[in-house]
Amino acid sequence: MDEKLLTLKKWIDESDNIVFFGGAGVSTESGIPDFRSTDGLYSQKYKYPPETIVSHTFLTRRTEEFFEFYKEKMVAPALAARPNAAHLKLAEWEKAGKLKAVITQNIDGLHQAAGSKEVLELHGTIMKNYCDRCGKKFPVEYVTESAGVPKCECGGTVRPDVVLYEEGLDMGVMERAINYISNADVLIIGGTSLVVYPAAGLIRYYRGNKLVLLNLSETSQDSNADLVIHAKLGEVLSQL
Ligand code: OAD
């Protein structure tokens with residue numbers, strides 16, 4: 001084990017107040033492409049840029065195209081995926097009383113599938129859906145089994161409980177995330193490019209001296225971290 005891994009192992013072994021904050025890179029080892037890597041979702045060619053498609057305007061004005069993209073590129077890969085070594089290790093640490101919470105920008109539900117209980121989904125989840133007219137709730141299967149746009153019996157559109165571009169984050173979830181991060185002993189940030197706000201801004205609430213950045217590529221926050229490891233999350237965490 002190299003020196004950086006030994007440091008990380010020591011911090012993990014000694015702590016019972018670890019918080020993990022992650023993004024799409026947590027799920028790439030489960031076969032779900034991230035957004036901004038060269039093989040990521042945003043590097044593929046579409047009629048519209050994905051940021052445009054995954055927006056509130058697109059959902060309301062071009063609803064059929066929204067659901068075509070959303071079901072094929074976001075829901076199908078997530079439902080076909082299984083938790084990887086990173087998801088499983090985080091769940092194991094929580095069960096052992098070492099990890100307080102997983103804060104994620106992912107919408108794929110894989111942390112819960114791995115057994116994590118305290119999962120704060122900043123950008124919502126594909127698993128929950130609701131009618132934009134009457135508010136009735138629907139499971140993800142209702143969306144995948146509907147041809148085209150999923151409709152409620154009241155005539156409304158069944159939309160995902162996912163935060164689209166132009167939409168605000170749930171303030172209750174944000175406050176809980178801030179609380180966990182500002183009280184954390186070890187904060188591990190992994191698998192996120194840290195470019196999407198307000199989620200990326202959460203890092204500034206950390207007050208400790210064990211900020212770990214575990215990401216395949218460099219991020220703009222590397223210089224602020226106490227330990228930087230550029231490697232695959234699942235490969236690193238499974239060694240701990
Ligand atoms: P990005 O695609 O922007 O960043 C993923 C990061 O994970 C990249 O820096 C990769 O180098 C890294 N990475 C990939 N595989 C990895 C692995 N196995 N181990 C470690 N690191 C790995 O994804 P996010 O930061 O999550 O928002 O993107 C943030 C938001 O942008 C998403 O939540 C989504 C998107 O628009 C919404 O849908 C609202």
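## Close-up views of a predicted model

**View A. The six-stranded parallel sheet.** In this predicted model, 6 strands build an open sheet with parallel pairing, in the order 3-2-1-7-8-9. Strand 3 (119-121) and strand 9 (227-229) occupy the edges. Each has a single partner strand, so one side of each lacks a neighbour in the sheet. From one strand to the next, the twist averages 15 degrees.

**View B. Strand 1 beside strand 7.** Residues 18-22 make up strand 1, and residues 186-190 make up strand 7. The two strands pair in the parallel sense over 5 bridges. Gly22 has its bridge partner, Gly190, in strand 7.

**View C. Helices across the parallel sheet.** Helix 1 (residues 3-14) lies across strand 1, strand 7, strand 8 (210-214) and strand 9. Helix 1 runs at about 125 degrees to strand 9. Helix 5 (residues 85-95) lies across strand 1, strand 2 (99-104) and strand 7. The angle between helix 5 and strand 2 is about 145 degrees.

**View D. The three-stranded antiparallel sheet.** An open sheet of 3 strands follows the order 5-4-6, and its pairing is antiparallel. Strand 5 (137-139) and strand 6 are the edge strands, each pairing on one side only. Here the twist averages 40 degrees from one strand to the next. Strand 4 and strand 6 pair in the antiparallel sense over 5 bridges. Tyr130 has Arg159 of strand 6 as its bridge partner.

**View E. The largest nonpolar core.** This core has 27 residues. Phe66, Phe67, Phe69, Tyr70, Met74, Ile126 and Leu164 have the most contacts inside it. At least two core residues come from each of helix 3 (56-61), helix 4 (63-80), strand 4 (124-131), helix 7 (140-145) and strand 6 (158-162). Helix 4 gives the most, with 7 residues. Domain 1 (1-32 + 83-123 + 163-240) and domain 2 (33-80 + 131-161) each contribute at least three residues to this core. A second, separate core has 24 residues, including Phe21, Ala101, Ala184 and Leu211.

**View F. Surroundings of Ile126.** Ile126 is among the residues with the most contacts inside the largest nonpolar core. Leaving aside residues up to four places away in sequence, Ile126 touches Tyr70, Val75, Ala78, Leu79, Ile107, Asp108, Val140 and Val162.

**View G. The aromatic cluster.** The structure holds 5 aromatic pairs. Phe66 and Phe67 form an edge-to-face pair, 5.1 Å centre to centre, with 85 degrees between the planes. Both Phe66 and Phe67 are buried. The ring centres of Phe67 and Tyr70 lie 6.2 Å apart. Their planes stand at 85 degrees, over the 60 that marks an edge-to-face pair, so this pair is edge-to-face. Ring pairs thus join Phe66, Phe67 and Tyr70 into a cluster.

**View H. Phe67 and Tyr70 along helix 4.** Phe67 and Tyr70 are 3 residues apart in helix 4, so about one helical turn separates them. Phe67 counts as buried because its relative accessibility is 1%, under the 20% limit. Tyr70 is also buried, with a relative accessible area of 2%.

Definitions and conventions. Residues are numbered from 1 along each chain as its sequence is written. This is a predicted model: local features need pLDDT of at least 70, side-chain atom pairs count only at pLDDT 80 or more; totals for chains, interfaces and linings use all residues. Side-chain values use heavy atoms; hydrogens and water are left out. A nonpolar core is a set of buried Ala, Val, Leu, Ile, Met, Phe, Trp, Tyr and Cys residues joined through side-chain atoms within 4.5 Å. Buried means under 20% relative accessible area, exposed over 50%, partly exposed in between (1.4 Å probe, protein chains only). Helices (H or I, at least four residues) and strands (E, at least two) are DSSP runs, numbered from the N terminus. Domain bounds come from an automatic or database domain assignment. Contact means heavy atoms within 4.5 Å. Two strands pair if DSSP finds at least two bridges between them. Axes are lines fitted to C-alpha atoms, for helices over the stretch in contact, and angles run from 0 to 180 degrees between N-to-C directions. Rings of Phe, Tyr and Trp (its six-membered ring) pair if their centres lie within 6.5 Å; planes under 30 degrees apart count as stacked, over 60 as edge-to-face and the rest as tilted.
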